[in-house]
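Me: I would like to go through a protein structure slowly, with questions and answers. Please show it first.

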Amino acid sequence: MGKGPVQPPFAMTVSAEARAVMEPMLKGGSAPEVTATLLRNPITRAAVRAAAANHLKPLNKGRATRFGVDVEKGKVAGVPVKYVRRRDTNPADKRLLINFHGGGFMVDAGSLTETIPIAGRTGIPVTTVLYRMAPEHPYPAAVDDALAVYADALTHRPASAIGIYGTSAGACLTLQLLVRIKAEGLPMPAAAGFFSGAGDFTIVGDCEAYLPPIMGMRTAAETMDDYCGNAERTDPLFSPCYGDLSSLPPMLLMTSTRDQLLSHTVLADLALRRAGVAVDLRVYEGMAHAFWAWIECPETEVALAAQAEFFAKHLAA
């Protein structure tokens, strides 16, 4: 699918700080989740992943200093992770958040930018999962890794003390994990965050018709080709909106009006509501896809505060 019309200038209701970062996108650029074409080649794939890490390094460092957190690498159930913890966190506190980063299932576009502010604002430690990525490791590798980390967390604390969340690809993975947890008969986490994601990978969302694609020239559905492997797109474990979403925990959904996945997030919200899930949908004016993970501006502060408040409210100490 080719690129749609060039989007008009960003709304004047958006802060000056946000406009300064987003306006280059008007010239045909895309959000920082890189081009899927480059990720198909092993040589360019390594270079793109390294470039993404370098691009986010200053933001990671600045947020770590600001929120007073430490980051350590480790493994849980054989899966690589990063532990993100505020320095004054009470070691007796059993609460834990598990994060699944964005990046189109192909690159790490937020394992620290998505977690440092939440750990800092809540005092709840965050384990961010460095799940196996496509195209080397298609579905269900990422869900298997996510499930392994969650199952391990259950051996150390009650489900009422655990929350899970992710942005973009990580939001998709969060919902896939929830239906997998249900299928496995495991206890549900206390709460989940679904931040700019999708639950139905058979369709192209309406917003993609007029916003530049996130991943080069491909729609979200086309980008998922490298992730889905041999999965059927209508498999409820792959596209959760095709299955029974009842009994899922309270969920915070987040998107924005210049988000290519706005339509997908709204459709997921409707499916969850029909299933009786307690949902809170936040839509932010004029902001780009997953802005809280890569833009420092007043709108980001509002979105991150909402995420932190939601988890602090629902997780039992």
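What follows is a set of questions and answers on the sheet, the cores and some backbone features.

Reply: This is a predicted model, in which local features need pLDDT of at least 70 and side-chain atom pairs count only at pLDDT 80 or more, while totals for chains, interfaces and linings use all residues. Residues are numbered from 1 along each chain as its sequence is written, and side-chain values use heavy atoms, with hydrogens and water left out.

Me: Which strands stand at the edges of the open sheet?

Reply: The open sheet is formed by 8 strands in the order E1-E2-E4-E3-E5-E6-E7-E8, with mixed pairing. Strands here are DSSP runs of E with at least two residues, helices are runs of H or I with at least four, and both are numbered from the N terminus; two strands pair if DSSP finds at least two bridges between them. Each edge strand has a single partner strand, so one side of it is left without a neighbour in the sheet, and the two in question are E1 (69-76) and E8 (279-288).

Me: In which sense do strands E3 and E4 pair?

Reply: Strand E3 covers residues 96-100 and strand E4 covers residues 126-129, and Phe-100 stands opposite Val-129 in E4. The two strands are joined over 4 bridges, and the sense of their pairing is parallel.

Me: Which helix gives the most residues to the largest nonpolar core?

Reply: A nonpolar core is a set of buried Ala, Val, Leu, Ile, Met, Phe, Trp, Tyr and Cys residues joined through side-chain atoms within 4.5 Å, where buried means under 20% relative accessible area, exposed over 50%, and partly exposed in between (1.4 Å probe, protein chains only). Of the 51 residues in the largest one, Ile-98, Tyr-227 and Met-251 touch the most other members. The helix that gives the most to this core, with 9 residues, spans residues 169-184 and is H6.

Me: Where is Pro-135 found?

Reply: The peptide bond from Ala-134 to Pro-135 is cis, with omega near 0°. A further cis bond, with omega near 10°, runs from Tyr-139 to Pro-140, and Pro-140 is found in the loop between E4 and H5. As for Pro-135, its place is the loop between E4 and H5.

Me: Is Ser-196 buried or exposed?

Reply: Ser-196 has a positive phi of about 60° although it is not a glycine, and its place is in the loop between E6 and helix H7 (220-223). Because its relative accessibility is 0%, Ser-196 counts as buried.
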